[in-house]
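Q: I am new to this structure and would like a close look at one part of it, the pairing of charged side chains. Please take me through it carefully, with each term explained as it comes up.

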Amino acid sequence: RKSLNEKKLVTHLQNQKQIEYKELEEKKRARKKLREKAEVHYLLWKDEKERALEQKRESLRREARAEKEKREGEREKIAGKAEESYHRWLTEKERERVDSGRKKREEKMENEEKMYQRRIENERAFNDWLAEKRYQH
């Protein structure tokens with residue numbers, strides 16, 4: 001009687017193990033399929049991104065080429081002018097460039113000075129506040 005129950009229990013446990021093993025294998029297969037699908041999606045996405053990047057690069061190249069041709073055309077026009085007026089134009093452009101650079105540097109210096117003053121004011125206010133707190137205690 002007892003050995004029959006033991007046999008049933010052993011058989012039951014073996015069946016449980018087989019079921020668990022099959023479930024584990026199914027999970028592994030499902031994970032593998034998901035991984036493969038994800039990999040395919042990633043590769044497709046990557047190809048699409050690369051294609052978009054290449055299109056962007058090509059459009060930038062075309063724009064740069066057009067800009068270069070435009071500049072060359074402008075240079076030819078300028079070269080067609082009298083040498084004196086060309087130099088006058090060039091020095092005026094250079095002066096504008098230098099002036100705008102100087103103006104930017106001056107603005108930057110002013111901003112830095114303002115920030116420095118603000119920092120000093122903040123430090124003074126903090127020190128006053130700190131002294132007041134110490135005085136109160």
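A: A salt bridge is counted here when a side-chain nitrogen of Lys or Arg lies within 4 Å of a carboxyl oxygen of Asp or Glu. By this rule the count comes to nine salt bridges. The model is a predicted one, in which local features need pLDDT of at least 70 and side-chain atom pairs count only at pLDDT 80 or more, while totals for chains, interfaces and linings use all residues. Residues are numbered from 1 along each chain as its sequence is written, and side-chain values use heavy atoms, with hydrogens and water left out.

Side chains of opposite charge can pair when their charged atoms come close. One such pair is Glu48 with Arg51, whose side chains meet in a salt bridge at 2.7 Å from N to O. Both residues belong to helix 1 and stand three residues apart, about one turn of the helix; helices (H or I, at least four residues) are DSSP runs, numbered from the N terminus. Glu48 has a relative accessible area of 45% and is therefore partly exposed, a term for values between buried (under 20%) and exposed (over 50%), taken with a 1.4 Å probe and protein chains only. Arg51 likewise counts as partly exposed, at 45% relative accessibility.

A second pair in helix 1 is Glu58 and Arg61, again three residues apart, or about one turn of the helix. The closest N and O atoms of their salt bridge are 2.8 Å apart. Glu58 is partly exposed at 30% relative accessible area, and Arg61 is partly exposed at 38%.

Helix 2, which covers residues 83-136, holds a further pair: because Glu92 and Arg95 are three residues apart there, about one helical turn separates them. Glu92 forms a salt bridge with Arg95, with 2.7 Å between the closest N and O atoms. Of these partners, Glu92 is partly exposed with a relative accessible area of 36%, and Arg95 is partly exposed at 44%. Elsewhere, Glu54, Arg57, Glu58 and Arg61 are joined into one network by salt bridges that share partners.

For a charged residue described by its exposure, one may turn to Lys33, which is placed in helix 1. Lys33 has a relative accessible area of 60%, so Lys33 is exposed. The C-alpha atoms of Lys33 and Leu53 are separated by 30 Å, the two residues being 20 residues apart along the chain.

Note on methods
Helices (H or I, at least four residues) and strands (E, at least two) are DSSP runs, numbered from the N terminus.
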